[in-house]
Amino acid sequence: MSVMALSPKKIKKTKVWLISALLLLLIAVVSYTFLYLKHDATMTDIGNRLASPSWEHPMGTDHLGRDVLTRLLLGFRLTVGYSVIALAAAVIIGVPFGLLAGLKGGWVDRLFMRIADGFLAFPDTVIAIVLSGLLGPGIGNLLFAIVLVKWVNYARMVRSTVLTEVQKDYITIARINGLSTFAIMRKHLMPHIIGNVLVLASLDFGKIILLISSLSYIGLGAQPPTPEWGAMLNESRPYFQANPEMMIYPGLAIVAVVLVANMLGDYLRDKFDVKKEVQP
């Protein structure tokens, strides 16, 4: 590796990303393995409501006497877990549709493009709010709405990549040599698609966390007493002036995770040399 490849700017960017990723990993490990959960995240204790931080409750208690740290750790599991589920479902649905539209062309491609144009005519947030409102409040309906909104981005990106690659000589040679469509996808197209999908997924991860949190905040996602970060913000709203930390803790958690996810996306974009045109 040349000296120029390790410029101070690149070294600094790599260090910042590495430190942020390690912090996120540490939070995840603590959230999933730390046996602090001696407190029930949904058990109320009105006599101990809005208590100050102590050894028993390091971040105090909320308006119903529930331990804030316990709910914050469980909120990581739920908010991030829901986001991973929605993201995985969007990728699993979008990638095959994009491959099919790009390889088959004709009426299949035209039908797909009309569907995609319909979804892309409105902002993601607007469509998610409308679908969640029609389906009714609940995290299951919210995840369904997010998947319906997000799969189109992956399908369009994969379709664009496939249309570019199938025009190249090595694909023509592979077809002349008798390779099946499945073999061409697996051996020649997927290596070009995986990097783009990883970059887009890492950038979408933060957006989905914000979408789940914001819609839970307005009552269309997770419902109380579920310790989801957006729902925690909503429950803490009436007590902001007297106890602002009740909103600050979940708010900072959302900001930190989204920031790390975006930094990961930037790092992967540079690593795979992905052009901005493939981003939503």
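Start with the second largest cavity of this predicted model, a space of about 40 Å³. To display its walls, select Ala 51, Ser 52, Pro 53, Met 59, Gly 60, Thr 61, Val 68, Glu 245, Met 246 and Tyr 249, which together line the second largest cavity. Now colour helix H9, which spans residues 245-272, and you will have marked the element that gives the most to this lining, with three residues. If you then colour the lining of the second largest cavity by residue class, you should find six nonpolar, three polar and one charged residues.

Next, move to the largest cavity, whose volume is about 80 Å³; the structure holds two cavities of 30 Å³ or more. Select Asp 62, His 63, Arg 66, Val 68, Arg 71, Met 232, Glu 235, Ser 236 and Met 246 to show the residues that line the largest cavity. Two elements, helix H2 (68-104) and helix H8 (229-236), each give two or more residues to that lining, and the largest share, three residues, comes from H8. Colouring the lining of the largest cavity by class should give three nonpolar, two polar and four charged residues.

Finally, keep both selections on screen and centre the view on Val 68 and Met 246. These residues belong to the lining of the largest cavity, and they are also listed in the lining of the second largest cavity.

Conventions
Residues numbered from 1 in each chain as written. Predicted model: local features only at pLDDT ≥ 70, side-chain atom pairs only at ≥ 80, totals over all residues. Heavy atoms only, no water. 1 Å grid on protein atoms, 1.4 Å probe; cavity = no way out; pocket = protein on both sides within 12 Å on 5 of 7 lines; lining within 4 Å. Points joined across faces, edges and corners; volume = space filled by probe spheres on them. Helix = DSSP H or I, 4+ residues; strand = E, 2+ residues; numbered from the N terminus. Nonpolar A, V, L, I, M, F, W, Y, C, P; charged D, E, K, R; others polar.
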